[in-house]
Structures are given as C-alpha cells and as structure tokens.
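The following paragraphs offer a guided reading of a protein model, taking its sheets and helices in turn. Please keep the sequence and the structure in view while reading.

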Amino acid sequence: MKKIIILGSTGSIGTNALEVVRKSNEKFQVVGLSGHRNHKLLLEQIREFQPKYVSVGTEEGYEIIKREFPNIELYCKDEGLKELALKDDYDILLTAVSGAIGIEATVEGIKKGKRIALANKETMVAAGPYINKLLKENLKAEIVPVDSEHSAIFQSLLGGRREEVRKIIITASGGTFRGKKREELKDVTVEQALKHPNWAMGKKITIDSSTLVNKGLEVIEAHELFGVSYEDIEVLVHPQSIIHSMVEFKDRAVIAQLGAPDMKLPIQYAFTYPEREASSALEPLDFTKVSTLTFEKPDHQTFKGIELAFKAGKIGKTMPAVLNAANEVAVELFLKGKIKFLTIYEIIEKAMERHIPLEIDGVEIIKKVDSETREWVYLNYEV
C-alpha cells in the first residue's frame, strides 16, 4: 500500500485524486491532507480518510478543525505545506496547490527522496533549475507529472530514448475565447472567462487557459522537466482535448497519449508508475463518439501568453518566476473585477521589462523575486 500526502485536497485535482483513492481497492492510503479556505469540504475529507497530518490555509479553519479533531497533527497557512512534506512516513507527495506556494513543499519532498506527483506547474516554472539540481543530488527522489499535457509527454517519451526526440508538441484546448480577436476581448466578464469548453478546473487555471498563459507556463515546465530546448517545443490548439500531447522522434514517428478529458487518468498514473492499474474511477475513450480531431496554430497576436512564456524561458534565471508571479496577481485582480482581461498581458510584460534576471541558487532568491514582483503589481494596478 502506497502512502500519499495530498496538498490541495479541496481543489479540482485534489478531489479527483481522492476519487482515485476511493476506487483503488485499498492500494493507497491518505496520510496527509491540506486545504485552503474550504473548511467544510476539508472536514468531510478528514472524516472519511482519517489522515494523520492536516494543514489548513486560514486561522479560522485551524480553529474549526482543531475543535472536532483535537488530537490530529494540524498545521496552518503556507508553512503547513512544508511541514507535511517534511514527514517521513509517506511515499508520494501530490502537489496540487495553485501558485508558487507549492515550491518549498516540493523541495522538501525531493530532499526526503520521495516521489513528487507534480500538478503544481509553477514549481518548475519559477524554480526549475534549482529543482533539477536537487533531483541530481537526491537520486531516490523523482517527479512524475500530473498535468495532462506533461503526463502525456512523459508517457510518450517511453517510446524512445531522449536523444532520439526531435520535437515535443503540447496541445491546447484554445480556452474559453478561442477564435476571438483582441477587440472582442476588451470588455469580457469574469463569468464569461470562467466557462471553459472542456475541463472543470479551478478559477485561476481556467483564466490562465483563456489567456493561454497556462500553455506558456507548460512550455517552460516541459523544457525543465524533459530537458528539451525551447526551439524544439511547439504548441498546437486541439479543441477536442483528446490528444493530450505528442512527441515527434528523429525518424518522424509521432507518439501521442490519448484519453477522455479526465484528470483522474494522469493522477492515477503518477500514483502507480511504472505500472498501470485498472480503475473503476476512469471511463474508457469511445472512439465511435470521437468524430473529428482538429488542430490549428495559436493566435499569438490576440493571446500573448505563449510568446511571453517563450521569451521569459529563453532569458531564464529568475525571469520565469517574474512571469509567474505577475500573472498570479493579475489573474487575482481580474477575478476581483479590478482590471480588464487584456490588462493581464500588460502587467506581465511590464513586470518582465523592469526585472534584471538573477541566478537561482536556492528557494530564498525565488521567494524574494516573487514577493517583489507581487508588491509591484499590487502597487501599480490594485485600485
């Protein structure tokens, strides 16, 4: 039985992971959970899975959980994520929290020699060179990606050797506003931006999908995870979200991973790798109902998220951390109705223009750059 800690158990990835555990015939045991503000759901999860360790994002939640579970090992706020990762008695750390707050927990999990089931793309975006350095120093540790695109690449790469790879092709749904032009996006509402055509996701990642910043972050993550140059990474819009990504090898063979748009598949694979397990939590892909698979190039003039990420990634050092932090705050301000949709791009561009990239020699420099970038965005854009 594999023991699992789930960071972000009340979010979309976390709840899907718990469904995988429910249907696993006791192959997995949840020993730790963390949630942010959804105290009611976190309490229900604690009652069902009886974890030894819990972290909650607010002091209010801490008091509520402590009253019902006075003997549980309970932590609070961002530091709690790190405390859970520091435990010894687990095998897999699923990092499903949104944003840069997941970085320190991932670092501690790697130092402990654990498997990181990585659903927090910001970790590799902001701290990729440092994470890769730690993986070389802690050979027992490993990262198995959970993002559907990176899981697909991870699986497709099993079809050949890394030196035989010619190109990685990351697919994108196109987001909520696929086909729209800049003029049509000037006054879109939060409600409109949150209506993703294929996936049920959290608010932040849904907005990132609509700007294509999410796909840009995935480009940087793919570069860091798989050691492929930016020149050998391509993004294609694939509205059906059936092909989750592809790898083209030197002999022009293309290997792809296909599946219904269901996050339980990559989650379970990250838990069971290198084995594949049957699961009643997953529905088969019915090819008789898949009438068409189409592809198109992204509209970079309207949706600037991919090009901004390529630029940040090629500059390297702390520039991707700036991209990530500026985007996180910009999305937050958009969701609060304080800025327009297209202002998200303006914020990212200006944050990158003002930043002088620094070498990454540890978590502290990332935290410093992240904090300074956020402060600048709030100071200049929060009304």
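In which sense do β8 and β10 pair, and over how many bridges? In this predicted model, the two strands pair in the antiparallel sense, and five bridges link them. Within this pairing, valine 165 stands opposite phenylalanine 249 in β10.

The pair belongs to an open sheet of four strands, ordered β9-β8-β10-β11, with mixed pairing. At its edges lie β9 (233-237) and β11 (254-258), each of which pairs on one side only. From one strand to the next, the twist averages 20°. Helix α7 (residues 148-156) packs on this sheet and touches β8 (165-172), β10 and β11; the direction of α7 makes about 35° with that of β10.

On its other side, strand β10 (residues 243-249) runs antiparallel to β11 and is joined to it by five bridges. Two of the partnerships can be named. Methionine 246 has alanine 256 in β11 as its bridge partner, and isoleucine 243 has leucine 258 in β11. β10 and β11 form a hairpin with four residues between the strands, where arginine 252 takes a positive phi near 75°. Seven of the seven residues of β10 are buried, so this strand is largely enclosed by the rest of the structure.

Helix α7 deserves separate attention. Nine of its nine residues are buried, and the helix is mostly covered. The buried set is Ser148, Glu149, His150, Ser151, Ala152, Ile153, Phe154, Gln155 and Ser156, which includes the charged residue Glu149. What do these buried residues of α7 pack against? Their neighbours are β7 (142-145), β8, α11, β10, β11 and α12 (264-272). Among these elements, β8, β10 and β11 are strands of the mixed sheet, whereas β7 is a strand of the parallel sheet described below.

The contact of α7 with α12 can be described in detail. The axes of the two helices come within 9 Å and cross at roughly 50°. That angle makes α7 oblique to α12, and the crossing is left-handed. On the α7 side, Ser148, Ser151, Phe154 and Gln155 take part, and they meet Leu265, Pro266 and Tyr269 in α12. By class, the contact has four nonpolar, three polar and no charged residues. α12 is itself largely enclosed by the rest of the structure, because eight of its nine residues are buried. These are Lys264, Pro266, Ile267, Gln268, Tyr269, Ala270, Phe271 and Thr272. Pro266 and Tyr269 thus appear both among the buried residues of α12 and in its contact with α7.

A further helix pair is formed by α11 (residues 213-226) and α13 (residues 305-315), which pack at an angle of about 30° with their axes 7 Å apart. The two helices are therefore roughly parallel to each other, and α11 passes α13 in a right-handed crossing. Here Val213, Lys215, Gly216, Leu217, Val219 and Ile220 in α11 meet Gly305, Ile306, Ala309, Phe310 and Gly313 in α13. The contact comprises seven nonpolar, three polar and one charged residues.

The second sheet to consider contains seven strands. It is open and parallel, with the order β4-β3-β2-β1-β5-β6-β7. Its edge strands, β4 (73-76) and β7, each pair on one side only, and the twist averages 20° from one strand to the next. Helix α1 (residues 12-22) packs on this sheet, touching β1, β2 (28-35) and β5, and the direction of α1 makes about 160° with that of β2. Strand β1 (residues 2-7) pairs with strand β5 (residues 92-95) in the parallel sense over four bridges. In this pairing, isoleucine 6 stands opposite leucine 94 in β5.

Finally, consider aspartate 78, which lies in helix α4 (residues 77-85). Why is aspartate 78 classed as partly exposed? The relative accessible area of aspartate 78 is 46%, and the class of partly exposed covers values between 20% and 50%. Aspartate 78 is 42 residues from histidine 36 in sequence, while their C-alpha atoms are 9.3 Å apart in space.

How values were computed. Residues numbered from 1 in each chain as written. Predicted model: local features only at pLDDT ≥ 70, side-chain atom pairs only at ≥ 80, totals over all residues. Heavy atoms only, no water. Pairing = 2+ DSSP bridges. Axes fitted to C-alpha atoms, helices over the stretch in contact; angles between N-to-C directions. Contact = heavy atoms within 4.5 Å. Parallel < 35°, antiparallel > 145°, perpendicular 65-115°, else oblique. Left-handed = near helix turned anticlockwise from the far one by under 90°. Buried < 20%, exposed > 50% of the residue type's maximum accessible area, 1.4 Å probe, protein only.
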